[in-house]
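Colleague: I've got the model open on my screen and a few things I'd like to ask. Can you walk me through it?

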Amino acid sequence: MNINNLVRENIKRLNPYSSARGKYTSGILLDANENPFNDKVEIQSLELNRYPDPNQTELRNAIGKYLKLNYENIFVGVGSDEIIDLLIRIFCKPGVDEALIFEPTYGMYKVACEINDIKINSILLNEDFQIDLDAIDKEVLNRSKLIFICSPNNPTGNTLSTQTILTICENSNAIVVLDEAYIDFCENQSLIKKVNDIPNLVVTRTFSKAWGMAGVRCGYCAADKKIIDWLFKIKAPYNINNLTEQTIINSIDNADKKNDYVKLILAEREFLITELKNIKGVQKVYPTDSNFILFKNKEASSIQNKLAEKGIIIRDRSTQPLLENCLRVSVGTRKENKLFINELKRAI
Ligand SMILES: Cc1ncc(COP(=O)(O)O)c(C=O)c1O
């Protein structure tokens, strides 16, 4: 029996999500835009014999209170990646429907669409890494069931124009998924409160970045209650486990810690930017509103490999459109950042 003959054709064709972590699990990990600061988490004793609350009530209340939004507008997922997948499955018919992305951007939108056999249309950002409204083909827009916008955008680092995002919401019949994974690094740019007024806007967020909880796998979205109800209709019954729920509620109770992390990371980001700009071989350091920096360098791929040999893991983004010879480095601790800069100088 040939198992491969049973596999769906789109899965056979799939180009899976690739992370540097598949290859490198230790070293100076500046590849995945995590929070480099880390306090040990204490969990109070929990009874784990019962399934967790399928309605996520306590957690949604805590997030709602934190955001000053009604808990009915909140849904919690196993990372924001789960929410991306659920939204595709709610709104897009496999083999028929289409979704729209603006590249270069976060790779999971494309991968999740391809897993679900949804055609992806990609429009390039302009040279400032902003959406050019005139570049959007009206017919493509009309055929799109979902539009993914990432702001601040990964891997470019910049926030996208708020006005442009609002215009897209207004002029399309699609669900607009605004990914604010990095918003804690530039909070005043958030559109999360707009979910009260814009029925087709879904804002996704994560505890994996500024909150320092990537190991927990928890993300959430805010949207009109009708969309939240659809998410509840199709999610796995007990997607958020008791340990996650308790850890995240504790984190929200101590949100000051996250704010302190953000201050530290922003200071380290300044340090890195200054150092990068002083390196002769670095051709360009792009502006960033995130906890990572995109920079341009001849022979990016060989530099990434040389750094990896020294145990310093960053990401080569050169294969993405508009990003020829671009590398992306996450902001680390001062010690990590210094080691990275020293090794980068040597590699260049
Ligand atoms: C833009 C963006 N969205 C979402 C995610 C994934 O978030 P989560 O860990 O909540 O699945 C990432 C992770 O790198 C990201 O860069």
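Colleague: How does Asn325 count: buried, partly exposed or exposed?

Modeller: Keep in mind that this is a predicted model. Asn325 is in the loop between strand S12 (315–316) and strand S13 (326–330). Buried would need under 20% relative accessible area and exposed over 50%. Asn325 has 22% relative accessibility, so the label is partly exposed.

Colleague: What is the phi of Asn325 near?

Modeller: Asn325 is a residue other than glycine, and its phi is positive. The value is near 60°.

Colleague: And Glu299, is that one buried or exposed?

Modeller: Glu299 also has a positive phi in a residue other than glycine, near 55°. Its place is the loop between strand S10 (292–297) and helix H10 (300–309). The cut-off for exposed is over 50%. Glu299 has 56% relative accessibility, so it counts as exposed.

Colleague: Which residue is joined to Pro104 by a cis peptide bond?

Modeller: Pro104 lies in the loop between strand S3 (98–103) and helix H4 (108–115). Omega of the cis bond is about 0°. The partner of Pro104 is Glu103.

Colleague: What is omega near for the peptide bond from Asn154 to Pro155?

Modeller: Pro155 is found in the loop between strand S5 (144–150) and helix H6 (162–170). The bond from Asn154 to Pro155 is cis. Its omega is near 15°.

Colleague: How far does a polar side-chain atom of Asn154 lie from an oxygen atom of the ligand?

Modeller: For a polar contact, the N or O atoms have to be within 3.5 Å. The Asn154 pair makes that cut, with a polar side-chain atom and a ligand oxygen separated by 2.8 Å.

Colleague: How much of the ligand's accessible area does the protein cover?

Modeller: On its own, the ligand has 400 Å² of accessible area. It sits in the largest pocket. The share covered by the protein is 93%.

Colleague: Which helix gives the most to the shell around the ligand?

Modeller: The shell has 4 nonpolar, 5 polar and 4 charged residues. Ser80 brings a backbone N or O atom to 2.6 Å from a ligand oxygen, and Asp81 does so at 3.1 Å. With 3 residues in the shell, the top contributor is helix H3 (residues 79–91).

Colleague: What separates the C-alpha atoms of Glu72 and Ala222?

Modeller: Glu72 is in the loop between helix H2 (57–67) and strand S2 (74–77). Along the chain, Glu72 and Ala222 are 150 residues apart. Between their C-alpha atoms there are 8.9 Å.

Terms used
Residues numbered from 1 in each chain as written. Predicted model: local features only at pLDDT ≥ 70, side-chain atom pairs only at ≥ 80, totals over all residues. Heavy atoms only, no water. Polar contact = N/O pair within 3.5 Å; in protein donor to acceptor, adjacent residues only side chain to side chain. Areas by Shrake-Rupley, 256 points an atom, 1.4 Å probe, with all protein chains shown as cover. 1 Å grid on protein atoms, 1.4 Å probe; cavity = no way out; pocket = protein on both sides within 12 Å on 5 of 7 lines; lining within 4 Å. Sits in = over half its atoms within 2 Å of the grid points. Helix = DSSP H or I, 4+ residues; strand = E, 2+ residues; numbered from the N terminus. Nonpolar A, V, L, I, M, F, W, Y, C, P; charged D, E, K, R; others polar. Buried < 20%, exposed > 50% of the residue type's maximum accessible area, 1.4 Å probe, protein only.
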